Amino acid sequence: MKKLLVARNIGFCFGVQRTVEIAKRLLLHYRELYSIGDIVHNPLVMEDLKSKGLKVVRSKDGIEGGRFIVRSHGIGPTTLYSLKKKGLEIFDATCPSVKKIQALIKKLDKEKYFIIIIGNEKHPEVMGLQEYGTRTLILGKDGEPPALKTLDKIAIIGQTTLSFEEYIRKAGYIAEMPFSRKVVIYNTICKVTGERQKEAAEIGREADAVCVLGGRNSSNTTKLYETVKRYNRNVFYIERMEDIEDIPFLRFNSIGLISGTSTPEDFIAEVKKRIKKTGYREVQYNGK
Ligand code: SF4
C-alpha cells in the first residue's frame, strides 16, 4: 500500500501556539484588538483571527487607541514606546525564544559590543531585534559582508529561523574579516526550526514526493521547502487546500508530509484526509 509519511514535528510550535491562544483569549473578551502586521505567518490562522475581531494595520500610525497585541516575532522598544504613548493597552505575545534574544542584544549593547544580526532585514523579528542595540548592522540574505572599521568587540546573532549551516557559514566568514578583533558568535537559531529542517532533509531523501504545509509568507516554511528541494524535486508547497489539486498522486508510492511552525492542526488533518482518500496509509516518520 502507498504510504503517507508524516513528520514527528508538525503543526504549531510552542511560540506560535502561545501567541494564537493569547490572541483568541483577548478577542473573546474584548472583541477588538490591533496588531502591526500578521501576528503569525499563516493566512488561514490570520483569516480566523480577523473574523474574531483582530485588526491588522501596516504601521503604528494606523492605530489611535484601544488594545494592541505584540506578535510572535516581537517588537522593538522604540515602536513599543510610541504605542504606549498613544495610550494603547499592550499585550505581549512575543515568543519566549525571541524575547531571550532581545534581552541578549540589550545586554551585549551595554557591554559595548557591535552587534551583527544575520537574517532577513525585512522580517519583523529582525527589524525588532535591531532596535534593542544602539550599534547594530543587519546582514541580509544576499548581503555582502560589511566593510567596517576595526572594532574591539563584535557579537553575531542569527534570526531564529535561519538554517544552522547558513548561519555558521556567514558568521564564520565575518569572524575572519580583518576588522574583527574579538568576535563572539551566539547560537540563536530556534531548536524547533532546526529539528524540522533536519527531519525535512530526511523525509526529502526517503519519500517519492513531499508536501510542505504552510504560509508562503512564512520564513521557516520556505526554508523547509528549500531544504527538501535539495534532495527531492517532487516537492509541493501547500498553503491552501486547492494547492493539493496539482499533485499527480498516481506517480508516487510514498508522500512525505511536513509543516512550518505556524501551520494549524485542523488544516493538517484536512490535508491528510484528502491524501488518504487517494489510497495512502498514514505512517509516522520515526527518524534516523
Ligand atoms: S519557531 Fe521558534 S522562535 Fe519562532 S515562534 Fe516558534 S518557538 Fe518561537
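**Exercise 1. Determine which residues come nearest to the ligand in this predicted model, and how the shell around the ligand divides by class.**

Step 1. Of the 14 residues around the ligand in this predicted model, those that come nearest are C13, G15, C95, T160 and C190.

Step 2. Sorting the shell around the ligand by class gives 7 nonpolar and 7 polar residues, with no charged residues in it.

Step 3. Turning to the helices, at least two residues of the shell are supplied by each of α1 (14–30), α4 (96–110) and α7 (191–206), and α1 gives the most, with 3 residues.

**Exercise 2. Work out the strand order of the open sheet that contains β6, and explain why β7 and β9 each have a side without a neighbour.**

Step 1. Begin with the pairings of β6: strand β6 (residues 114–118) pairs with strand β7 (residues 136–139) in the parallel sense over 4 bridges, and β6 also pairs with strand β8 (residues 151–158), again in the parallel sense, over 5 bridges.

Step 2. The register can be followed residue by residue, since I118 stands opposite L139 in β7, while I115 stands opposite A155 in β8.

Step 3. Taken together, 4 strands form an open sheet with parallel pairing, in the order β7-β6-β8-β9. Because β7 and β9 (180–185) stand at the edges and each has a single partner strand, one side of each is left without a neighbour in the sheet. On average, and with direction ignored, neighbouring strands of this sheet are turned by 25° against each other.

**Exercise 3. Describe how helices α5 and α6 relate to the strands of this sheet.**

Step 1. For α6 (residues 164–175), the contacts show that the helix packs on the sheet, where it touches β6, β7, β8 and β9. The direction of α6 makes about 160° with that of β9.

Step 2. For α5 (residues 124–130), the helix joins with β6 and β7 in a β-α-β unit, and this unit is right-handed.

**Exercise 4. Assess whether the protein chain is as compact as a globular protein of its length, or less so.**

Step 1. Counting secondary structure over the protein chain gives 9 helices and 13 strands.

Step 2. The radius of gyration of the chain is 21 Å, which is close to the 19 Å that the globule rule gives for 288 residues, and therefore the chain is as compact as a globular protein of that length.

Step 3. Along the principal axes, the C-alpha atoms of the protein chain fill a box of roughly 60 × 50 × 25 Å.

Notes:
Residues numbered from 1 in each chain as written. Predicted model: local features only at pLDDT ≥ 70, side-chain atom pairs only at ≥ 80, totals over all residues. Pairing = 2+ DSSP bridges. Right-handed = clockwise from strand over helix to strand, strands pointing away. Axes fitted to C-alpha atoms, helices over the stretch in contact; angles between N-to-C directions. Contact = placed C-beta atoms within 7 Å. Near = placed C-beta within 6 Å. Nonpolar A, V, L, I, M, F, W, Y, C, P; charged D, E, K, R; others polar. Rg over C-alpha atoms; globule rule 2.2 N^0.38 Å.
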